[in-house]
Amino acid sequence: MLFQLESHVDKSGNLYSIEFPSLPFEAQRMFFVEPSGAGEKRGGHAHKKEHQLLICASGQIEVVVAYAGEAEKFCLDRPGMAIYLRPLVWSEQTYV
């Protein structure tokens, strides 16, 4: 599931917000990844029980997801773009 986070724009910049009750799972923790360079890959696995919300804070992230023998590629190409990954969904992210 792809979606755009709500943004609040003013002269000082953009603020993106997530209302935790609106997520399709109960948020437990958050990680922030800053890749070392273009072409860097992360993920390459699925979580057995954990739900994930992968958010593009800046730049571009190509995300390959696979579930039940089907694979699809998504591009998070602007700040605030997010993808929800359910348990048992395999994913790999490439930072562009």
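This passage describes the strands, sheets and loops of one protein chain in a predicted model.

Residues are numbered from 1 along each chain as its sequence is written. In this predicted model, local features need pLDDT of at least 70 and side-chain atom pairs count only at pLDDT 80 or more, while totals for chains, interfaces and linings use all residues; side-chain values use heavy atoms, with hydrogens and water left out.

The protein chain has zero helices and nine strands. Both kinds of element are DSSP runs, numbered from the N terminus: helices are H or I runs of at least four residues, and strands are E runs of at least two. Read along the sequence, the pattern is β-β-β-β-β-β-β-β-β.

The overall dimensions come next. The C-alpha atoms of the protein chain fill a box of roughly 45 × 35 × 20 Å, taken along the principal axes. With 96 residues, a compact globule would have a radius of gyration near 12 Å. The protein chain has 14 Å, which agrees. This radius is taken over C-alpha atoms, and the globule rule is 2.2 Å times the number of residues to the power 0.38.

Burial and contacts were also computed. Buried residues make up 24% of the 96 residues in the protein chain. Buried means under 20% relative accessible area, exposed means over 50%, and partly exposed lies in between (1.4 Å probe, protein chains only). The protein chain exposes about 7000 Å², and carbon and sulfur atoms supply 52% of that area. Accessible areas come from the Shrake-Rupley method with a 1.4 Å probe; for residues, only the protein chains shown count as cover. Contacts (heavy atoms within 4.5 Å) often link distant parts of the sequence: of those with a separation of 6 or more, 66% involve residues 24 or more positions apart.

One open sheet has three strands, in the order E1-E8-E5, with antiparallel pairing. Strand E1 (2–4) and strand E5 (52–55) stand at the edges. Each has a single partner strand, so one side of each is left without a neighbour in the sheet. The twist averages 30° from one strand to the next. Such angles run from 0 to 180 degrees between N-to-C directions; axes are lines fitted to C-alpha atoms, for helices over the stretch in contact. Two strands pair if DSSP finds at least two bridges between them.

Strand E8 (residues 81–85) is joined to E5 by four bridges, and the two run antiparallel. Gln52 stands opposite Leu85 in E8. Leu54 stands opposite Ile83 in E8. E1 and E8 pair over three bridges, also in the antiparallel sense. Here the bridge partner of Gln4 is Met81 in E8.

The burial of E8 is clear. Five of the five residues of E8 are buried, so the strand is largely enclosed by the rest of the structure. Met81, Ile83 and Leu85 point one way from E8, whereas Ala82 and Tyr84 point the other way. Both groups are buried.

Another open sheet has four strands, in the order E4-E9-E6-E7, again with antiparallel pairing. Its edge strands are strand E4 (41–45) and E7, and each pairs on one side only. In this sheet the twist averages 15° from one strand to the next.

Within the four-stranded sheet, strand E6 (residues 61–67) pairs with strand E7 (residues 70–76) over seven bridges, in the antiparallel sense. Tyr67 stands opposite Glu70 in E7. E6 is also joined to strand E9 (residues 90–95), by six bridges, and these two run antiparallel. Glu62 has Thr94 in E9 as its bridge partner. Val63 stands opposite Gln93 in E9.

Two loop residues stand out by their backbone angle. Which residue in the hairpin of E6 and E7 takes a positive phi? The residue is Ala68, and the hairpin has two residues between the strands. Phi of Ala68 is near 50°, a positive value in a residue other than glycine. Ala68 is exposed, with a relative accessible area of 68%.

Leu88 lies in the loop between E8 and E9. Phi of Leu88 is near 70°, again a positive value in a residue other than glycine. At 53% relative accessibility, Leu88 counts as exposed.
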